[in-house]
Amino acid sequence: MSSIIQVTNVSKNYRSHQVLKNIDLTVNKKEIYGLLGPSGAGKTTLVKMIAGIETPTSGSINVLDSSMPNLHTMTHIGFMAQSDALYGELSGKENLEFFSSIYSLKGQKQKDRINQVSELVKLSNFLQKPVNQYSGGMKRRLSLAAALLHEPKILILDEPTVGIDPVLRQSIWDELYKLSKSGTTILVTTHVMDEAEKCGQLGMLRDGKVIASGSPKELKDNTSSASIEEAFLYYGGVHHEN
């Protein structure tokens, strides 16, 4: 399998505080790779570096055969941040028009993509409403729609389903499966155990270190665990160095 994302021995410090320590990570084409860990484990910092928004203190990050950060490569990435970067006074449609113009989508192509992504996140009926009248879940869905507009090769989603009701969460996951089947590589962060089970591969992150990685099944089998939660506690409790 060809690796699309390669993180090699990456550390990140903010002044004297070390947020990430010697991270190694490989994400292959069409994979849904989950980063699982509690708040403060370093997940957001790691995905921001992979997206090219931040730079590592040491080590290297390679995405689509380019060393990150790389402006051209960043145009092939759809990034959905944990806090919604939306314009509250604009309508949902105006937000999507704004983001699609950043991605150089124009005319009919722009209209078509806005319709497609709005349909996908079930927001078509709410596009005329100002975003400051949206619920938290609707804002998350609009952020996801914005990240999908330019049909990126890589989709990086930081806690994408926080505040979204279970039925819609399932439909978003169904879409992620479809996207990965059609060739999109997806990197998703989560602290929700049942969501981690939905990923093809998982990296468990704790205190800035990868404590284990593999498929959910492998991680459970290797620890004789009935659930991902049990496996996470096992890996987190046994302080071995990998």
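**Strand β8, its surroundings and the largest pocket**

In this predicted model, strand β8, which spans residues 185-190, is mostly covered, with 6 of its 6 residues buried. The burial concerns both faces of the strand: Thr185, Leu187 and Thr189 are buried on one side, and Ile186, Val188 and Thr190 are buried on the other. Strand β8 pairs in the parallel sense with strand β3 (residues 32-36), over 5 bridges, and within this pairing Gly34 has Val188 of β8 as its bridge partner. Strand β7 (residues 154-158) also runs parallel to β8 and is joined to it by 5 bridges, with Asp158 standing opposite Thr189 of β8.

Leu157, a residue of strand β7, has contacts that reach into β8 and beyond. When its neighbours within four places in sequence are left aside, Leu157 is in contact with Ile186, Leu187, Val188 and Thr189, and also with Met80, Leu144 and Leu176. Leu157 is, moreover, one of the residues with the most contacts inside the largest nonpolar core, a group that also holds Leu96, Leu155, Leu176 and Met204. This core has 44 residues, and helix α5 gives the most to it, with 7 residues. Apart from this core lies another, of 26 residues, among them Val27, Val47, Ile156 and Val210. As a general background to such groupings, nonpolar side chains tend to be buried together in soluble globular proteins.

Helix α5 (136-148) is also found at the largest pocket, where α5, α2 (71-74), β6 (77-80) and α3 (92-102) each supply at least two residues of the lining. The space in this pocket amounts to about 410 Å³, and its lining consists of 20 residues, of which Gly78, Phe79, Met80, Phe99 and Tyr103 lie nearest the centre. Strand β6 gives the most to the lining, with 4 residues. Sorted by class, the lining comprises 15 nonpolar, 4 polar and 1 charged residues. Met80 thus appears in two settings, since this residue is listed both among those nearest the centre of the pocket and among the contacts of Leu157.

Helix α1 (residues 43-50) is largely enclosed by the rest of the structure, because 6 of its 8 residues are buried. The buried residues in α1 are Lys43, Thr45, Leu46, Val47, Met49 and Ile50, and Val47 is also among the members of the core of 26 residues. The helix is followed by Gly52, whose phi is positive, near 90°.

A further element of the model is an open sheet of 4 strands, in which the order is β2-β1-β4-β5 and the pairing is antiparallel. Its edge strands, each of which pairs on one side only, are β2 (17-28) and β5 (66-67). Strand β1 (residues 3-14) and strand β4 (residues 58-63) are paired in the antiparallel sense over 5 bridges, and in this pairing Ser11 stands opposite Ser58 of β4.

A contrast to the buried strand β8 is offered by Lys106, whose place is in the loop between α3 and α4 (107-120). Lys106 has a relative accessible area of 62% and is therefore exposed, the cut-off for this class being over 50%. Leu187, by comparison, is buried in β8. The two residues lie 81 residues apart along the chain, and their C-alpha atoms are separated by 28 Å.

Methods: Residues are numbered from 1 along each chain as its sequence is written. This is a predicted model: local features need pLDDT of at least 70, side-chain atom pairs count only at pLDDT 80 or more; totals for chains, interfaces and linings use all residues. Side-chain values use heavy atoms; hydrogens and water are left out. On a 1 Å grid over the protein atoms alone, a cavity is a set of points where a 1.4 Å probe fits but cannot get out, and a pocket is an open set with protein on both sides within 12 Å along at least five of seven lines; lining residues have an atom within 4 Å of a point. Grid points are joined across faces, edges and corners, and a volume is the space filled by probe spheres set on the points. Ala, Val, Leu, Ile, Met, Phe, Trp, Tyr, Cys and Pro count as nonpolar, Asp, Glu, Lys and Arg as charged, and the others, Gly among them, as polar. A nonpolar core is a set of buried Ala, Val, Leu, Ile, Met, Phe, Trp, Tyr and Cys residues joined through side-chain atoms within 4.5 Å. Buried means under 20% relative accessible area, exposed over 50%, partly exposed in between (1.4 Å probe, protein chains only). Contact means heavy atoms within 4.5 Å. Two strands pair if DSSP finds at least two bridges between them.
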